[in-house]
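Student: I'd like to learn how to read a protein model. Could you walk me through a few features?

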Amino acid sequence: MLEENKLEIHAALNADLGRGKFENYVFEIDYTINEINHMLMNIKNWAASEMPPKAMINLLDDVVIHKEPYGVVLVIGAWNYPIQLSLVPFMGAIAAGNSVILKPSEVAVNCSNILGELIPKYLNNECYKVILGGINETTELLKQKFDYIFYTGSTAVGRIVREASNKYLTPVTLELGGKSPVYIDSTADINVTAKRVLWGKFINMGQTCIAPDYIICSKEVQDAFIKEAKLIIKEWFGENPQNSPDLSRIINEKHYQRLINFLSDGEVAIGGHTDPSEKFIAPTILINVKFTDAVMSEEIFGPILPIVNISNAYEAINFINSRDKPLALYIFGTNKEEINLIINNTSSGNTIVNDTILHVSVDTLPFGGIGPSGMGSYHGKLTFDTFVHPKGCLIKNFNIIGETIAAVRYPPYSDKKLKFLNFLMAKRPDIPGVKFLPYLVMFGLGIAVTFGFKAIMKEHLYAAEP
């Protein structure tokens, strides 16, 4: 579907977000195709039953974990990356064996419509449905009983989804957002740091859940950053950024007006130009921002980057910990002790050192939030794992040796039986060589039971002779 309709999907993304070809392909179309190819290459292994380690008491049993689909899954997509954030969890739920209802975001109306048009042409319409509409349709969907719900979007709506799921005790994954801080130390390479922070901030016009939301640094670092940022923004977007084909637009009038209100906080150091006719806001950096300003009270989700001044890493840690746990935390510097100090004394969905955004491309890392920034994670194998229930199975047989050994659990009880049972159930460290001890013990017990059984049979035979 994606390969055959790239041009139509690109046109829909451009119509909704004013986004150019490079970002549409890198972050949406090609990204999703790569996720699907990765799934296809690995699904046989991921879906296979697992044989976890066994304790001594279970050495004659089969201990198996089966990957069981939940059943009917509801996937609610987001508008800022309306193709990727709808289809990646959607295909993960399909791969895991579930039936799926997809509810794309109505805010990205063109992308929502194209998903509603294309998916029924390519997938079984009984197993996979696309429901279009707005708040009313989403509200009705959340009244239904699902076996799993996967939601991407704002924290406010995430709370509503979570509350609705409680009625049926439905498990959920909530991919939310929050204010992702950037701490810049005096040891950072300011030129490279500025490039990486500004790139992460201004792709998709800042409408990215893991976009750098604000910078915390010293006054000296701030001055050096502003100096570099002016040169970089001019190099990337020209004298008039509004004419650049590489800058998107704000999704709608509501979000545009919300962002405009932030421009009155602090002082505009770079940018600040706006055009309501195009819902355009130039890449903007604010300084002299107070902790209590409106721009610091909610996720910005736009091309506005405030800088708050602190003196050192300890102040940065205290500031980060005084706020909700972010989806991402970015640290720039070369002092390893200070970097580890921040990592070990803060909590966030993910932490990235000396770059932004790119952790989402590492499919072996779990992507997800914590607390108000979300619950659950996905990407790579975890996208598959999210939508399967790991059903543990203990499979025993009627083997005479196993039954003889396990007979210690039956009454009448005795201290001798208790001691032997404790020996069988004891936890042992995974030390090379030691892991083979249970097998040797069981082998010896097997031989002992066998000879004991033969002795009993021999005694019965002698007793039966005339």
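Tutor: Sure, starting with the vocabulary: helices (H or I, at least four residues) and strands (E, at least two) are DSSP runs, numbered from the N terminus. Residues are numbered from 1 along each chain as its sequence is written. This is a predicted model, where local features need pLDDT of at least 70, side-chain atom pairs count only at pLDDT 80 or more, and totals for chains, interfaces and linings use all residues, while side-chain values use heavy atoms, with hydrogens and water left out.

Student: Where is Met205 found?

Tutor: Met205 sits in the loop between helix 7 (190-202) and strand 8 (212-217).

Student: What is the phi of Met205?

Tutor: Most residues other than glycine have a negative phi, and most peptide bonds are trans. Met205 isn't a glycine, yet its phi is positive, about 60 degrees. Ile357 also has a positive phi, near 70 degrees, and belongs to the loop between strand 15 (350-353) and strand 16 (374-375).

Student: Is Met205 buried or exposed?

Tutor: Buried means under 20% relative accessible area, exposed over 50%, and partly exposed in between (1.4 Å probe, protein chains only). Met205 has 0% relative accessibility, so it counts as buried. At 4%, Ile357 counts as buried too.

Student: Which peptide bond is cis?

Tutor: The one from Pro411 to Pro412 is cis, with omega near 0 degrees. Look for Pro412 in the loop between helix 13 (400-406) and helix 14 (415-425).
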